[in-house]
Amino acid sequence: MSAATTTRSRTARTPVPDRLCAEAVDLARAAAEEAAAPGVVGEHIGVVSEGDRVVTHYFEAKEPGYRGWRWAVTVARASRAKNVTLDETVLLPGTDALLAPEWVPWSERLRPGDMGPGDLLPTEAEDLRLEPGWTGEDEPPPNSVVSEELADAEDAELTDRPVAATSRGSIAAVADELGTRRARVLSRYGLYAAADRWDEAFGPKTPMAQAAPATCVSCAFLIPMAGSLKQAFGVCANEFGPADGHVVSLAYGCGGHSEAAVMPVPPKPAPHAMDTMRVDTYSLRPERDGGSVPDEADGASEDLGHS
């Protein structure tokens, strides 16, 4: 390969900046100061050729919070023209620029406990955690016996109601009357996701459960749940326990177990024993005719000097 070929190849990869465009530093600075604010455009730090007669000037950015950023002003010149014109002005990050974190949608940024009073949390129409509460698959045919019986039973209650999407006598209408109809319910995926969260927070692998003397399945403070999750979870009702008011796994446990350390019943004092209900009277002096020694001494005892 000849030297001329090597020179042409190097020129194609890195074109030499146009002289007039490279010298238009004052034009580029004026454009940067017009787009920014006075005093925030710093020193001229470089020139890069973008193509034939197209050059970008870089200036240091001094805005607070934009460390490592730079103002990029691109100028150009038409073929055989001597006047350099402005192309664009933009603020670009450098190699060591301080950048904001990557944007994340709100649905992925939301964490438990972020909602406050008055906040609304919308759910997607195709949320994997939910599924239709009633699909219509169990709807009886219009001429079936079940439909006729339900229609007769509902005539008195549905005459004054506004026209609904469901027909009178349908299973959906009865469920709506009973207040048990929901547009969507938890799907199998939603149940499994909730079970994983609860098991991670108050499950058998937590340090509290590992040190507990017994599990919640035998605790009197456990309130059973309804539905398909009742075989694995319950609600703690021990106000002194760490999981009071929370859903806990039946394999969870803590030191507040109702049967872990039962305090003995304090002994009760024995009742006073009384052998009689009668009042006994006692004389302060002995009876005159009682006892073996007479009250008056005889003469013989006085002669002998006895008292």
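Which residue is the bridge partner of Val48 in β2? In this predicted model, the bridge partner of Val48 is Thr56, a residue of β2. That pairing is one entry point into the sheet, and the paragraphs below work outward from there to the cores, the loops and the cysteines.

The protein as a whole contains nine helices and nine strands, and of its 307 residues 23% are buried. When the contacts between residues at least 6 apart in sequence are considered, 49% of them join residues at least 24 apart.

Strands β1 and β2 run antiparallel and are joined by seven bridges. They belong to an open sheet of four strands, arranged in the order β1-β2-β3-β4, in which the pairing is antiparallel. Strands of a sheet pair through backbone hydrogen bonds, and this pairing may be either parallel or antiparallel. At the edges of the sheet lie β1, which covers residues 41-51, and β4, which covers residues 84-93, and each of these two strands pairs on one side only. From one strand to the next, the twist averages 20°. Helix α3 packs on this sheet, where it touches β1, β2, β3 and β4, and the direction of α3 makes about 115° with that of β1.

Two of the loops that link these strands hold a residue with a positive phi. Arg53 is placed in the loop between β1 and β2, and its phi is near 60°, a positive value in a residue other than glycine. Arg80, in turn, has its place in the loop between β3 and β4, and although Arg80 is not a glycine, its phi is positive at about 65°. How exposed is each of these two arginines to its surroundings, given relative accessible area as the guide? Arg53 has a relative accessible area of 30% and is therefore classed as partly exposed, whereas Arg80, with a relative accessible area of 84%, counts as exposed.

The largest nonpolar core has 16 residues, and those with the most contacts inside it are Val41, Phe59, Trp71, Val73 and Val75. The elements that give two or more residues to this core are α3 (25-35), β2 (54-61) and β3 (69-77), and of the contributions to the core, that of β3 is the most, with four residues. Val75 offers a view of the surroundings within this part of the protein: leaving aside its neighbours within four places in sequence, Val75 is in contact with Cys21, Leu27, Arg53, Val54, Val55, His57, Val84, Thr85, Leu86 and Asp87. The list thus includes Arg53, the residue described above in the loop between β1 and β2. A second, separate core has nine residues, among them Phe202, Val248, Leu250 and Tyr252.

Phe202 appears again in the surroundings of Ser249, a residue that lies in strand β9. Ser249 is buried, because its relative accessible area is 7%. Beyond its neighbours within four places in sequence, Ser249 is in contact with Asp199, Phe202, Gly203, Pro204, Cys216, Ala232 and Phe233. With one of these, Cys216, the separation along the chain is 33 residues, while the C-alpha atoms of Ser249 and Cys216 are separated by 7.3 Å.

Further along the chain, Ser258 is found in the loop between β9 (247-249) and α9 (299-303). Is this serine buried or exposed? Ser258 has a relative accessible area of 18% and so counts as buried, since buried means under 20%. Its side chain is joined to that of Glu259 by a polar contact of 3.3 Å. Once its neighbours within four places in sequence are left aside, Ser258 is in contact with Ser218, Cys219, Ala220 and Phe221.

The cysteines are the last topic. A disulfide is a covalent bond between the sulfur atoms of two cysteines. How many disulfides are counted in this model? The count comes to zero disulfides. Cys254 illustrates the reason: the closest cysteine sulfur to its own is in Cys236, at 6.0 Å, which is too far for a bond. Cys254 is buried, because its relative accessible area is 11%. Cys21, one of the residues in contact with Val75, likewise counts as buried, because its relative accessibility is 0%.

Notes:
Residues are numbered from 1 along each chain as its sequence is written. This is a predicted model: local features need pLDDT of at least 70, side-chain atom pairs count only at pLDDT 80 or more; totals for chains, interfaces and linings use all residues. Side-chain values use heavy atoms; hydrogens and water are left out. Buried means under 20% relative accessible area, exposed over 50%, partly exposed in between (1.4 Å probe, protein chains only). A polar contact is a pair of N or O atoms within 3.5 Å; within protein, one must be able to donate a hydrogen and the other to accept it, and residues adjacent in sequence count only if both atoms are side-chain atoms. Contact means heavy atoms within 4.5 Å. A nonpolar core is a set of buried Ala, Val, Leu, Ile, Met, Phe, Trp, Tyr and Cys residues joined through side-chain atoms within 4.5 Å. Two strands pair if DSSP finds at least two bridges between them. Axes are lines fitted to C-alpha atoms, for helices over the stretch in contact, and angles run from 0 to 180 degrees between N-to-C directions. A disulfide is a pair of cysteine sulfur atoms within 2.5 Å.
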